[in-house]
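Biologist: I would like a close look at a single part of this model. Start there, then work outwards to the rest of the fold.

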Amino acid sequence: MPSKLWLALSMCLLLPTSDAGRQMPKLADKKLCADSECSHPILIAQALQDYYPGDCRFIPIRQGQLVYVYAMLKDRGNLFWAGSVQDSYYGQQEARVGHFPSSVVEETHALMPATTEVKTTKWDFYCN
């Protein structure tokens, strides 16, 4: 009997407890980008405050960091953008693309107009 309990407890510890590797709810059905692949940055913004993500769809941002914005989610009043941050020392942190609230940044440099409307896919919100 104790060995069965130990086995059950150890299985619980081995199960993943993060959101990694699974589909998360969509934040929007459409996004605005500079091109159909959303591969060119639209603008550069600077973080006004720290942002700590609620789940793996989002990226952490520290006050003062530059954020390269690649897409603006469309459906919910443009509340969320997608982009990447790079640490102040190049190579110190791997750049990662994710979402963040548009309210935590201010635009500093416009790069390309966001005129291309693109449908979001499940991969836009997949946690890896």
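Which residue forms a salt bridge with arginine 57, and how far apart are the closest N and O atoms?

Modeller: The partner is aspartate 55. The closest N and O atoms of arginine 57 and aspartate 55 are 2.6 Å apart. Keep in mind that this is a predicted model. Both ends of the pair, arginine 57 and aspartate 55, are buried. As background, side chains of opposite charge can pair when their charged atoms come close.

The structure holds five salt bridges. Two others show how the surroundings can vary. Take lysine 26, which forms a salt bridge with aspartate 29. The closest N and O atoms there are 3.7 Å apart. Lysine 26 has 34% relative accessibility, so it counts as partly exposed. Aspartate 29 has a relative accessible area of 46%, so it is partly exposed too.

Now take lysine 30 and glutamate 117. They form a salt bridge, with the closest N and O atoms 3.5 Å apart. This pair links distant parts of the chain: lysine 30 sits in strand 2, glutamate 117 in strand 8, and 87 residues separate them. Lysine 30 is partly exposed because its relative accessible area is 31%. Glutamate 117, at 41% relative accessibility, also counts as partly exposed. There is a further member here. Lys30, Lys74 and Glu117 are linked in a network of salt bridges.

Next, the fold around these pairs. The protein has one helix and nine strands. The helix comes at the N-terminal end of the order, and the nine strands follow it. Strand 4 (residues 66-73) is a good place to stand. Strand 2 (residues 30-33) pairs with strand 4 in the antiparallel sense, over two bridges. Here leucine 32 has methionine 72 of strand 4 as its bridge partner. Strand 3 (residues 43-47) also runs antiparallel to strand 4, and four bridges join them. Alanine 45 stands opposite valine 67 of strand 4. Strand 5 pairs with strand 4 as well, antiparallel, over five bridges. Tyrosine 68 faces serine 84 of strand 5 across that pairing. In a regular strand the side chains alternate between the two faces of the sheet.

Now follow strand 5 (residues 80-85) to phenylalanine 80, which lies in it. Buried or exposed? Phenylalanine 80 counts as buried, because its relative accessibility is 18% and the cut-off for buried is under 20%. Leaving out residues up to four places away in sequence, phenylalanine 80 touches Phe58, Met72, Leu73, Phe100, Pro101 and Ser102. Met72 turns up again here: methionine 72 is also the bridge partner of leucine 32. Serine 103 gives another view of phenylalanine 80. The two are 23 residues apart in sequence, yet 8.3 Å apart in space, C-alpha to C-alpha.

Go back to strand 2 for the cysteines. A search of the whole structure finds one disulfide. It joins cysteine 33 and cysteine 38, whose sulfur atoms are 1.9 Å apart. The torsion about their S-S bond is about 75°, so the disulfide is right-handed. Cysteine 33 has 0% relative accessibility, so it counts as buried. Cysteine 38, at 12%, counts as buried too. For the chemistry, a disulfide is a covalent bond between the sulfur atoms of two cysteines.

Last, the outside. Leu66, Tyr68, Leu111 and Met112 make a nonpolar surface patch of about 320 Å². Tyr68 is already familiar as the residue opposite serine 84. Leucine 111 lies in the loop between strand 7 (105-110) and strand 8 (116-119). At 42% relative accessibility, leucine 111 counts as partly exposed.

Some totals put these parts in place. The protein has 128 residues, and 34% of them count as buried. It exposes about 8,400 Å², with carbon and sulfur atoms supplying 58% of that. Among contacts between residues at least 6 apart in sequence, 67% join residues at least 24 apart. To return to your starting point: arginine 57 and aspartate 55 both belong to the buried residues.

Note on methods:
Residues are numbered from 1 along each chain as its sequence is written. This is a predicted model: local features need pLDDT of at least 70, side-chain atom pairs count only at pLDDT 80 or more; totals for chains, interfaces and linings use all residues. Side-chain values use heavy atoms; hydrogens and water are left out. Buried means under 20% relative accessible area, exposed over 50%, partly exposed in between (1.4 Å probe, protein chains only). Contact means heavy atoms within 4.5 Å. Patches are made of residues with over 30% relative accessible area and no salt bridge: like charges are joined within 9 Å, nonpolar side chains (Val, Leu, Ile, Met, Phe, Trp, Tyr) within 5 Å. Accessible areas come from the Shrake-Rupley method with a 1.4 Å probe; for residues, only the protein chains shown count as cover. A salt bridge is a side-chain nitrogen of Lys or Arg within 4 Å of a carboxyl oxygen of Asp or Glu. Two strands pair if DSSP finds at least two bridges between them. A disulfide is a pair of cysteine sulfur atoms within 2.5 Å.
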